[in-house]
Amino acid sequence: AENQANIFELFGQIQEPSGRRPQGIGLGLYLCRQIAQHHGGSLTVESKPSRGSSFRLVLPLIAAT
């Protein structure tokens, strides 16, 4: 739970429980959240040990003219 906020930080990574080094450089979730916020939306995560993580992307509905 304490690591959930860190994964959305620029270059944010968390240590694997197995001690392995994380793959990637920590840009993907940061960029996704930034894009969502710039469009008036949000990106959140809910994680449960041994069950995995669920990500929720919410974007506003814009009516076509």
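Where is G41 found? In this model, which is a predicted one, G41 sits in the loop between α1 and β1, and I would like to start from that residue before moving on to the pocket and the surface. With a relative accessible area of 17%, G41 falls under the 20% cut-off and is therefore buried. Its partner in the next comparison is L61, which is 20 residues away from G41 in sequence, while the two C-alpha atoms are 9.7 Å apart in space.

Let me turn to the largest pocket, whose volume comes to about 620 Å³. Its lining is made of 26 residues, and those closest to the centre of the pocket are N3, I7, I14, Q15 and S53. If we ask which elements give two or more residues to this lining, they are α1 (28–38), β1 (42–48) and β2 (52–58). By residue class, the lining of the largest pocket divides into 11 nonpolar, 10 polar and 5 charged residues.

Now to the surface, and to F11 in particular, which lies in the segment before α1. Together with L10 and I25, F11 makes a nonpolar surface patch of about 320 Å². F11 has a relative accessible area of 52%, and because the cut-off for exposed is over 50%, F11 counts as exposed. The backbone of F11 also deserves a look, since its phi is near 65°, a positive value in a residue other than glycine.

There is a second residue to set beside F11 here, namely S50, which is not a glycine and nevertheless has a positive phi of about 65°. S50 is placed in the loop between β1 and β2, and with a relative accessible area of 85% this serine is likewise on the exposed side of the cut-off.

Finally, how many salt bridges does the model contain? The count comes to 1 salt bridge, and the side chains that meet in it are those of E46 and K48, with a distance of 3.8 Å from N to O. Where do these two side chains stand between buried and exposed? E46 has a relative accessibility of 49%, which is not over 50% and so leaves E46 partly exposed, and K48, with a relative accessible area of 45%, is partly exposed as well.

To close, I would keep three places in view on the structure above: the buried G41 in the loop between α1 and β1, the patch made by L10, F11 and I25, and the salt bridge of E46 and K48.

Conventions. Residues are numbered from 1 along each chain as its sequence is written. This is a predicted model: local features need pLDDT of at least 70, side-chain atom pairs count only at pLDDT 80 or more; totals for chains, interfaces and linings use all residues. Side-chain values use heavy atoms; hydrogens and water are left out. On a 1 Å grid over the protein atoms alone, a cavity is a set of points where a 1.4 Å probe fits but cannot get out, and a pocket is an open set with protein on both sides within 12 Å along at least five of seven lines; lining residues have an atom within 4 Å of a point. Grid points are joined across faces, edges and corners, and a volume is the space filled by probe spheres set on the points. Helices (H or I, at least four residues) and strands (E, at least two) are DSSP runs, numbered from the N terminus. Ala, Val, Leu, Ile, Met, Phe, Trp, Tyr, Cys and Pro count as nonpolar, Asp, Glu, Lys and Arg as charged, and the others, Gly among them, as polar. Patches are made of residues with over 30% relative accessible area and no salt bridge: like charges are joined within 9 Å, nonpolar side chains (Val, Leu, Ile, Met, Phe, Trp, Tyr) within 5 Å. Accessible areas come from the Shrake-Rupley method with a 1.4 Å probe; for residues, only the protein chains shown count as cover. A salt bridge is a side-chain nitrogen of Lys or Arg within 4 Å of a carboxyl oxygen of Asp or Glu. Buried means under 20% relative accessible area, exposed over 50%, partly exposed in between (1.4 Å probe, protein chains only).
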